[in-house]
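Reader: Could you take me through one part of this model up close? I'd like to hear about the nonpolar core and what sits around it.

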Amino acid sequence: MLDFITRINDAVNGFVWGWPALILLTVVGVLMTVLTKFYQVSHLGHWWKNTIGAVFRDKEVTSHTEDKSISQFQSLATALAATVGTGNIVGVSGAIITGGPGAVFWMWLIAFFGMMTNFSENVLGIYYRRKNINGEWSGGAMYYLRDGLGSYKNMKGVGKGLGILFSIFCVIASFGIGNMTQVNSISGNMASVFHVPTWITGVVVLFFAGLVIVGGLQRIAKVTEKIVPFMVLLYMIGAIVILVWNHHMFREVFGAIFHGAFAWKSAAGGVVGYGIKLAIEQGMKRGVFSNEAGLGSSVMVHSNSNVSEPVRQGMWGIFEVFADTWVVCTLTAFAVLSSGLVDLETGVAVTEFNGAELTKANMISTVFSLHFGKFGAAFIAIAIMLFAFSTVLGWSHYGTKAWEYLFGTKATMLYKVIFVVAIFGGAVMGDNLAWDLSDTFNGLMMIPNLIGVLALSPTVYRIVKNYVDRHMRNKDVEPMLSAFPEVQKEQEEKLARTGE
């Protein structure tokens, strides 16, 4: 059965991650960057001040809400919980092993434009969100596909159909990128470092994840806002120590990254152009796997924020990609490339270390072991456990919202039960299949979302121009807060009260 699934997945993966999809991903990111006049750079001070900078000066950003929404910081923490996961550790190692050091360059590039893709997704998510029967916000690609793209002439059926497809792919992806891959990484590391049987890890993770997930978004947000800052800072400290330790390798590491990005032959030789093809494919795929810009996933939790301004939540999307890829993934890449486990001249990774096979799953563990001894391997095992566990929590919400769109709010508890039970399967599944399935589900989910962002790019442009006119040019114009008159009125009243 597993062989059959693998063959089917390989065929689908080759289609959804072919060059047309990669080009679409790039084109959307570039287009949104140009339309917003390079917002991630030209308004760097503004979005930094109103995201992470506001955490230390504005209580409204972090304060818990009395209604069914969550705070801006909680939305970021939950989104980062889903994005800052094994993609930042195992995924980066896998990209380097398969695509060479040059894959890191393409990861950076797709992240630069991905900042504005994620920004646009969040802007559209807030603009087209609605409240469900429980008074909770429901937003995401399925809603801006149905109500945004579907509002165009003769596009109602197309928008609705793409919204349904996106939701189906999201539910499936939640069991891949958000469940199997993460738990598989936890069980693998616990087995290799602490010799804990995979089935025991599966049962323990299932139990604790279930306690949080059945409590809904409010409980998930309360857990992630405590776990995420702690785990990110702890991992960064360890990686920065390695960076300082190997500071003499700066020139060689960055030289290998830029040289490898444009190497016309693969590390082992072969067809001309194959090396750069591998670097681009692995960099883009692992970049998207890491920061999820283009998937339309994190917008489903950003849409639950208590914010009124679509652009303000969009700025949190920029910071999310920045923190995930430009900070955490870069630190991981430097740690791996400066460790001596990758030949910087040829890009060939060491396949065996101290008699044991070196894979993408245990490479970063080996790196930390080289610098910190047995403590390093234990540290990475615990870090992966926290990263992956928080990712499971975040993705459980994404899958819940997609399930809600398909079957209604009352049916969401059934999804949560299935999701929690599936955790055990992820713990005992083979490493390669789990990662390959995640790649496929990412691609399937990405395509309808990018079509929606591309089609609604004029709407994003108008919303951003409206925000800039009001907040930076002091023009007296009516704010663009929602596509729906009743929600627009409600948010205008809130905006007048809070002065957001």
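Author: Confidence comes up front, since this is a predicted model: local features need pLDDT of at least 70, side-chain atom pairs count only at pLDDT 80 or more, and totals for chains, interfaces and linings use all residues. Residues are numbered from 1 along each chain as its sequence is written, and side-chain values use heavy atoms, with hydrogens and water left out. The protein chain averages a pLDDT (the predictor's confidence in each residue, from 0 to 100) of 85, and 90% of the residues score at least 70. Over residues 266-272 the pLDDT is below 50. Where pLDDT is low, don't read the predicted coordinates in detail.

Now the core. The largest nonpolar core (buried Ala, Val, Leu, Ile, Met, Phe, Trp, Tyr and Cys residues joined through side-chain atoms within 4.5 Å) holds 146 residues; buried means under 20% relative accessible area, with a 1.4 Å probe and protein chains only. Helix H17 (residues 310-337) gives the most to this core, 15 residues; helices here are DSSP runs of H or I, at least four residues, numbered from the N terminus.

Tyr39 is among the residues with the most contacts inside the core. Leaving aside neighbours within four places in sequence, Tyr39 is in contact (heavy atoms within 4.5 Å) with residues including Phe119, Val311, Met315, Val464 and Tyr467. Val464 and Tyr467 are both buried in H22. That helix covers residues 457-471, and its end C-alpha atoms are 21 Å apart, which agrees with the 21 Å its 15 residues should span at 1.5 Å a residue (the expected span is 1.5 Å times one less than the number of residues).

Key: Helices (H or I, at least four residues) and strands (E, at least two) are DSSP runs, numbered from the N terminus. Buried means under 20% relative accessible area, exposed over 50%, partly exposed in between (1.4 Å probe, protein chains only).
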